[in-house]
Amino acid sequence: MAAVFLMSMLLGLACGQAMSFCIPTEYTMHVERRECAYCLTINTTICAGYCMTRDINGKLFLPKYALSQDVCTYRDFIYRTVEIPGCPLHVAPYFSYPVALSCECGKCNTDYSDCIHEAIKTNYCTKPQKSYPVGFSV
């Protein structure tokens with residue numbers, strides 16, 4: 001009985017390591033507009049993690065669209081809108097951003113996702129910061 005339990009635990013751990021880990025993850029982004037006086041710091045969730053994929057043999061015989069690999073992308077999301085403080089009257093102060101509710105491994109859809117290979121290295125403020133107050137959205 002103990003051997004069956006131990007084997008099922010080991011099998012569960014092995015399968016858990018092989019499965020995909022694609023989940024909503026906390027992310028802090030900084031938003032600023034040239035015309036506005038402040039930079040806004042926003043805490044949101046994005047999809048991040050690893051998706052199981054494999055490199056297939058016979059790449060030469062397949063069309064290019066069949067070679068794309070799965071990425072961790074949004075399954076369900078909503079948009080929130082915030083107001084950037086310190087904008088002049090002639091500048092629209094609103095900024096909308098996605099909030100991941102659930103994620104999945106799939107093809108990256110450029111209709112609502114930024115499908116990049118490297119992380120953005122310019123996620124910082126050059127102006128005084130204002131934090132986005134929790135529970136406030138337009």
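## Exercises on a cysteine-linked chain

At 33% relative accessibility, Glu 104 counts as partly exposed. Keep that residue in mind for the first exercise, and remember that you're working with a predicted model.

### Exercise 1: the charged pair

**Task.** Find out which residue forms a salt bridge with Glu 104, and where in the chain the two partners lie.

**Solution.**
- Step 1: start with the idea. Side chains of opposite charge can pair when their charged atoms come close.
- Step 2: look for the partner. Arg 75 forms a salt bridge with Glu 104, and their closest N and O atoms are 3.7 Å apart.
- Step 3: test the distance. The cut-off for a salt bridge is 4 Å, so a pair at 3.7 Å gets in.
- Step 4: place both residues. Arg 75 sits in strand S3 (residues 71-83) and Glu 104 in strand S4, so the pair links distant parts of the chain, 29 residues apart.
- Step 5: check the surroundings. Arg 75, at 47% relative accessibility, is partly exposed, and Glu 104 also counts as partly exposed, at 33%.
- Step 6: count. The total by this rule is one salt bridge.

### Exercise 2: the overall layout

**Task.** Describe which pattern the helix and strands follow along the sequence, and how much of the chain is buried.

**Solution.**
- Step 1: count the elements. The chain has one helix and five strands.
- Step 2: put them in order. Reading along the sequence gives α-β-β-β-β-β.
- Step 3: turn to burial. Of the 138 residues, 22% count as buried.
- Step 4: look at the surface. About 10,500 Å² is exposed, and carbon and sulfur atoms supply 60% of it.
- Step 5: see how far contacts reach. Take contacts between residues at least 6 apart in sequence: 68% of them join residues at least 24 apart.

### Exercise 3: the nonpolar cores

**Task.** Work out which residues make up the largest nonpolar core and which strands supply at least two of them.

**Solution.**
- Step 1: list the members. The largest core has 11 residues: Met 29, Val 31, Cys 36, Leu 40, Ile 42, Val 82, Ile 84, Cys 87, Val 91, Tyr 97 and Val 99.
- Step 2: match them to strands. S1 (21-32), S2 (39-50) and S4 (94-106) each give at least two residues to this core.
- Step 3: look elsewhere. Another core, of seven residues, lies apart from it and includes Cys 47, Cys 51, Cys 72 and Cys 103.

### Exercise 4: the disulfides

**Task.** Say how many disulfides there are, then go through three of them and decide whether each is right-handed or left-handed.

**Solution.**
- Step 1: get the total. The count comes to four disulfides.
- Step 2: take Cys 22 and Cys 72. Their sulfur atoms are 2.1 Å apart, and with 90 degrees about the S-S bond the link is right-handed. Cys 22 is in strand S1 and Cys 72 in strand S3, 50 residues apart. Cys 22 has a relative accessible area of 13% and is buried; Cys 72, at 17%, is buried as well.
- Step 3: take Cys 36 and Cys 87, with sulfur atoms 1.9 Å apart. The torsion about this S-S bond is about 100 degrees, so the disulfide is right-handed. Cys 36 lies in the loop between S1 and S2 and Cys 87 in the loop between S3 and S4, so the link ties together parts that are 51 residues apart in sequence. Cys 36 counts as buried, at 3%, and Cys 87 is buried at 19%.
- Step 4: take Cys 51 and Cys 105, with sulfur atoms 2.2 Å apart. Here the torsion is about -90 degrees, so the disulfide is left-handed. The pair joins the loop between S2 and S3, home of Cys 51, to strand S4, home of Cys 105, 54 residues away. Cys 51 is buried at 15%, whereas Cys 105 is partly exposed at 29%.

### Exercise 5: two threonines

**Task.** Find out which residues the side chains of Thr 45 and Thr 81 reach with their polar atoms.

**Solution.**
- Step 1: locate Thr 45. It belongs to strand S2.
- Step 2: find its polar partner. A polar atom of the Thr 45 side chain lies 2.8 Å from the backbone oxygen of Ala 100.
- Step 3: widen the view. Leaving aside neighbours within four places in sequence, Thr 45 touches several residues, among them Pro 24, Tyr 74 and Val 99.
- Step 4: locate Thr 81. This residue lies in strand S3, and at 18% relative accessible area Thr 81 is buried.
- Step 5: find the partner of Thr 81. Its side chain makes a polar contact with the side chain of Ser 96, at 2.7 Å.

Key
Residues are numbered from 1 along each chain as its sequence is written. This is a predicted model: local features need pLDDT of at least 70, side-chain atom pairs count only at pLDDT 80 or more; totals for chains, interfaces and linings use all residues. Side-chain values use heavy atoms; hydrogens and water are left out. A nonpolar core is a set of buried Ala, Val, Leu, Ile, Met, Phe, Trp, Tyr and Cys residues joined through side-chain atoms within 4.5 Å. Buried means under 20% relative accessible area, exposed over 50%, partly exposed in between (1.4 Å probe, protein chains only). Helices (H or I, at least four residues) and strands (E, at least two) are DSSP runs, numbered from the N terminus. A polar contact is a pair of N or O atoms within 3.5 Å; within protein, one must be able to donate a hydrogen and the other to accept it, and residues adjacent in sequence count only if both atoms are side-chain atoms. Contact means heavy atoms within 4.5 Å. Accessible areas come from the Shrake-Rupley method with a 1.4 Å probe; for residues, only the protein chains shown count as cover. A salt bridge is a side-chain nitrogen of Lys or Arg within 4 Å of a carboxyl oxygen of Asp or Glu. A disulfide is a pair of cysteine sulfur atoms within 2.5 Å.
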